[in-house]
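Hi,

Here is the structure I promised to pass on. Have a look when you get a minute, and my notes follow underneath.

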Amino acid sequence: MGKAILTAIKPHHAVGYWGYGSQADLEQMLTCVLGSVSANHGSNQCTRQLGQSSSDVRQVWGVAYLGLQLSDGSQLPVRTIAALAASGQCQQADGASLLDGWATLGGDRFTLGRELFGRMPLYWTQRGQVLWFASRLSLLLPLVEAPQVSIPALYGYSYFSYVPTPLTPVAQIHSVPAGTEQTWIADQDTCTLSALNETRSLEWQEASEQIQDEAIAIAQLRSLLKDAVERQITDLSDEPVGVLLSGGLDSSIVAALLVEAGIKVRAYTLDFGTDGISEYPYAEQVAEFLNIPLVKVDASPKRVRQALISTVRALDLPFGDGVTVPLFLVMQAASQDVRVIFNGEGGDQLFAGWTNKPLIAADLYQTVQAVESFEQQYLRTFHRLWGYEAEIFQPTVLAQLPAIAPQTWLHEALNPSFSRTLLHRLRRATLMLKGAQNIHPRATNLGLAHGLQVRSPFCDLALAQWSFQLAGELHLNAACEKYILKRAVEPWLPADIVWRQKRGMGVPLTSWCLDGLWHELGVWLNPGCLRDEGVWQPHVATRIAAGKLGTIQGRRIGESLWLLMMWQVWQHVVLGTTRPSASLDHPFWLPALLGRQYLRLQREAQQW
């Protein structure tokens with residue numbers, strides 16, 4: 001078996017194969033894949049490794065690393081033929097692995113694995129008796145003849161704003177869920193491959209003994225937070241690092257701990273102008289308190305339009321949250337100054353952020369449990385297009401939906417056997433769903449697109465496991481979410497930063513869609529194109545913009561339009577579908593002001 005060695009872990013992706021076949025033919029296919037990547041995304045530094053199984057000379061494997069130089073240096077872990085690390089760190093000082101994704105080969109068994117937080121995606125597809133794998137979906141697309149959109153994935157996207165694993169938006173390609181290893185076995189007699197099993201490395205579960213004492217919890221949490229940051233700065237020299245600073249609690253904690261550790265910090269924050277809720281004053285307050293420079297990044301509709309396609313290409317998958325393009329812009333700005341970027345992602349999942357409140361209230365007051373299952377209640381926390389299937393999908397897609405059960409995508413995450421109390425059950429779910437399938441992989445892909453090492457101190461195993469030892473009232477104290485975290489960091493930050501109410505990032509999607517991105521809706525959600533593609537209802541964008549789709553009002557108008565538009569951009573940019581002929585039977589060709597007036601007059605006429 002060949003031996004892969006690394007001089008350093010830099011931001012990179014990988015694509016490779018394993019199985020029975022001609023290595024020359026497989027290497028030629030790999031060359032075609034790399035050529036497609038180069039044609040679509042510019043030239044990439046690329047290094048290739050290949051070898052044969054030690055137990056069966058007919059088994060061959062090969063890996064290409066994009067953006068990584070392989071030469072004499074530290075070896076990969078034993079039997080590992082591919083390794084991925086968004087943070088740029090392979091292992092801790094004690095030798096513990098910090099890899100985010102890996103491919104291992106031992107005898108007749110091949111394994112693909114991902115760590116629990118889901119920082120780095122990992123995909124696979126099978127062609128004959130060869131398994132192909134990659135850290136980007138687009139790296140496998142050239143291997144798929146006539147790729148087909150997965151209807152279950154499309155349906156899941158309309159619910160969650162991301163595609164739930166193990167689905168991908170392409171029916172022939174699959175995703176390895178976070179925290180699992182998937183193993184295949186090769187039969188040397190028949191030269192065939194078969195799936196062996198899927199195992200989870202660890203479960204998020206409530207500890208049998210719960211910490212009740214607030215003083216003990218505060219002391220332990222402070223130590224754990226400092227240790228989590230310390231583990232992520234051991235390889236840093238005197239260079240500055242970046243911090244994505246919203247002025248919220250989690251990112252402010254990360255910035256404060258980095259400063260305390262003696263790291264040179266440059267903070268980056270977003271400026272939405274007059275359209276949205278400005279986070280800049282809070283970020284500025286934190287930066288002044290910590291005495292660090294703060295870079296304000298313009299996230300105006302004009303810049304969002306300019307970065308839309310580049311963002312979707314960087315994301316690789318369709319992600320329907322409005323924060324994605326602003327995050328692309330802030331990563332782009334940070335990459336001009338630093339090579340390592342820190343964020344505060346994961347704090348809400350670890351410490352019972354605000355999204356848990358509705359379900360806690362529903363459980364306490366038993367308001368809707370009589371008519372809805374717990375899984376249905378949880379689906380509502382995503383606030384997407386659940387319940388509007390008949391209004392958004394065309395009949396051919398709608399007819400396929402009854403065979404799909406969205407609740408099954410939640411079963412493992414909401415499995416009650418791992419928690420006695422509702423709060424810990426919800427925390428497990430948010431870690432496995434909103435965190436591992438949405439927040440962390442999109443942050444990684446946006447960072448790696450700009451050559452940044454992405455580090456998230458809240459994605460720390462010791463810290464996360466400890467959080468399941470906390471009694472519920474230390475997480476959610478009356479109406480105060482993340483209570484113990486706030487108490488622990490009081491000495492490190494201004495009080496009004498620690499205790500201000502959580503609002504989420506104020507991306508002004510409705511203002512954008514009904515003004516600065518008005519014409520983009522006519523381009524990407526054009527009725528003529530949608531009609532011919534056969535997925536979304538042709539005039540769904542017009543109905544949403546006019547406020548005619550049920551309870552989708554206010555900020556949900558922009559969220560829904562953005563979600564639909566991001567799928568369409570992904571389908572064109574990543575999947576490479578040809579766009580049908582556009583039509584003019586919509587208001588988005590008008591100037592935004594006139595278009596909105598037209599919709600209002602039309603609505604008033606119908607009311608009469």
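First, a quick one: is Cys-529 buried or exposed? With a relative accessible area of 3%, Cys-529 falls under the 20% cut-off, so it is buried. Keep in mind that this is a predicted model.

Cys-480 has a relative accessibility of 18%, and because the cut-off is 20%, Cys-480 counts as buried too. As for disulfides, a search through the whole structure turns up 0.

Now to the sheet I spent some time on. It is an open one with 5 strands, in the order β6-β7-β8-β12-β13, and the pairing is antiparallel. The edges are taken by β6 (80-84) and β13 (192-200); each has a single partner strand, so one side of each has no neighbour in the sheet. On average, and ignoring direction, neighbouring strands here are turned by 15 degrees against each other.

At the β13 end, the partner is β12, which covers residues 180-187; the two run antiparallel and are joined by 8 bridges. If you want a place to start looking, find Ile-185: across from it, in β13, stands Ser-194.

One more residue to click on is Phe-133. You'll find Phe-133 in strand β10, residues 130-134. Its relative accessibility is 2%, so Phe-133 counts as buried. Along the chain, Phe-133 and Trp-18 are 115 residues apart, yet their C-alpha atoms are separated by 8.6 Å.

Cheers

Conventions
Residues numbered from 1 in each chain as written. Predicted model: local features only at pLDDT ≥ 70, side-chain atom pairs only at ≥ 80, totals over all residues. Heavy atoms only, no water. Pairing = 2+ DSSP bridges. Helix = DSSP H or I, 4+ residues; strand = E, 2+ residues; numbered from the N terminus. Axes fitted to C-alpha atoms, helices over the stretch in contact; angles between N-to-C directions. Buried < 20%, exposed > 50% of the residue type's maximum accessible area, 1.4 Å probe, protein only. Disulfide = S-S within 2.5 Å.
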